[in-house]
Amino acid sequence: MDLLDTLTAKGLRGEVPTREEALAVLATTDDELLDVVAAAGRVRRRWFGRRVKLNYLVNLKSGLCPEDCSYCSQRLGSKAEILKYTWLKPDQAADAARAGVAGGAKRVCLVASGRGPTDRDIDRVTDTMAAIKEADPAVEICVCLGLLSDNQAERLKAAGADAYNHNLNTSEGTYGDITTTHTYADRVDTVRKAHGAGLSACSGLIAGMGESDEDLVDVVFALRELGSDSVPVNFLIPFEGTPLAKEWNLTPQRCLRILAMVRFVNPDTEVRIAGGREVHLRSMQPLGLHIANSIFLGDYLTSEGQAGQADLDMIKDAGFEVEGAGEATLPRHRADVAEAAEAAAAAGGCGTAASACGSGGGCGPCGGHSHAPAGQSSAEGATAEEGADGNDELRSDLVKVRRRGAGTELAPNA
Ligand code: SF4
């Protein structure tokens with residue numbers, strides 16, 4: 001297939017495909033699916049071998065957010081029966097993080113609901129990071145606190161944060177349909193602030209909100225241009241009690257095509273399968289590992305994932321290996337760009353490398369959000385029961401609200 005030969009050749013060289021080629025990946029048929037996975041797999045192995053990076057989420061503060069992101073179970077007015085609690089104490093967060101690291105995670109993602117942190121919140125997270133790094137100095141810490149004000153990224157960097165997550169979530173053109181309390185530009189600004197402070201930028205998307213193929217391609221190219229070092233790909237978990245509860249627009253095949261498109265546009269970037277992996281890829285999860293090089297271990301912010309041991313077994317059974325703490329995630333040339341940006345930030349200059357301008361994104365892999373569709377979706381005309389490809393079903397039975405780990409008396413899943 002000419003398209004896949006072209007995409008593979010470009011990906012092996014680290015080149016970005018054209019927008020038309022990216023759209024063509026999303027338009028491939030089920031008969032072509034294994035060829036698409038194989039082509040994306042060659043690109044993945046070129047830059048990341050057979051390694052799988054494990055990340056572990058700690059929800060520091062859950063629910064009660066004043067923002068109205070339609071996909072989010074923690075949003076203003078959400079009726080989703082999620083855990084709601086205010087800031088975990090540093091030792092509580094460190095205990096949860098320790099479980100994830102013991103399970104094989106090399107990165108801990110500290111997330112708090114809310115529009116953005118106060119300076120007091122930055123103090124709290126500073127104490128939490130100190131408690132985590134005291135137990136294990138090698139652990140990578142990514143922080144996700146929403147929109148950043150001036151100097152907050154610099155404070156997080158000085159306190160030991162390695163990365164900042166803020167997802168763009170969807171295209172600029174449809175952003176106003178999913179959230180009204182902040183803008184796409186706000187999100188871009190925060191990713192740029194984080195990148196400018198020398199933090200590695202983690203920024204991704206949520207698929208399945210009723211967006212068109214063009215929207216998906218728009219946001220993925222935007223993430224590439226912003227220089228995101230890691231791109232979490234969330235598949236909408238339509239939580240009951242949120243506006244998108246009936247948006248079941250994804251099939252496992254569609255998810256694999258989306259992951260492949262993200263990989264081809266970001267050949268040498270960490271591509272992470274994030275929230276919705278179990279709900280939407282289901283028994284096709286191992287094929288996702290041939291495309292993405294990173295997943296979350298265990299549970300998500302407000303929903304439960306499969307058992308941590310099942311994640312580890314899946315990786316081993318599929319012939320992959322967990323990335324060790326001493327191994328670099330990004331290829332050398334990408335790491336050099338990141339180090340140059342960090343040095344520039346430390347010297348007081350712009351931390352954004354010319355080829356890798358920062359990027360933005362909102363709260364992280366909530367693993368369950370939903371939002372009113374833009375209206376011109378590829379699912380248009382399909383019933384909620386049929387979904388985008390005409391054969392998906394309402395699978396609310398697969399959505400399990402998190403009842404263990406952070407904010408509970410029960411042990412975390414790791
Ligand atoms: S995504 Fe973040 S900002 Fe938006 S409603 Fe959820 S917790 Fe709040």
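**Exercise 1.** Which unit do β3, helix α6 and β4 make?

*Solution.* Start with the ground rules: the model is predicted, local features need pLDDT of at least 70, side-chain atom pairs count only at pLDDT 80 or more, and totals for chains, interfaces and linings use all residues. Residues are numbered from 1 along each chain as its sequence is written.

Helices (H or I, at least four residues) and strands (E, at least two) are DSSP runs, numbered from the N terminus. Now find α6 at residues 152-158 and β4 at residues 163-165. Together with β3, they make a right-handed β-α-β unit; right-handed means that, with the strands pointing away from the viewer, the path from the first strand over the helix to the second runs clockwise.

**Exercise 2.** Find the partners of β3 and say how enclosed this strand is.

*Solution.* Two strands pair if DSSP finds at least two bridges between them. Strand β2 (residues 107-112) runs parallel to β3, joined by 5 bridges, and Arg107 has Glu140 as its bridge partner. With β4, β3 pairs in the parallel sense over 2 bridges; here Val143 stands opposite Tyr164.

Next, look at burial (buried: 20 or more other C-beta atoms within 10 Å of a residue's own, with C-beta atoms placed from the backbone). In β3 (residues 140-144), 4 of the 5 residues are buried, so the strand is largely enclosed by the rest of the structure.

**Exercise 3.** Describe how α4 and α5 pack.

*Solution.* Take helix α4 (residues 90-102): its axis and that of α5 are 8 Å apart, at an angle of about 45°. That makes α4 oblique to α5, as oblique covers angles outside under 35 degrees, over 145 and 65 to 115.

Technical notes: Buried ≥ 20, exposed ≤ 12 C-beta atoms within 10 Å, placed from the backbone. Axes fitted to C-alpha atoms, helices over the stretch in contact; angles between N-to-C directions.
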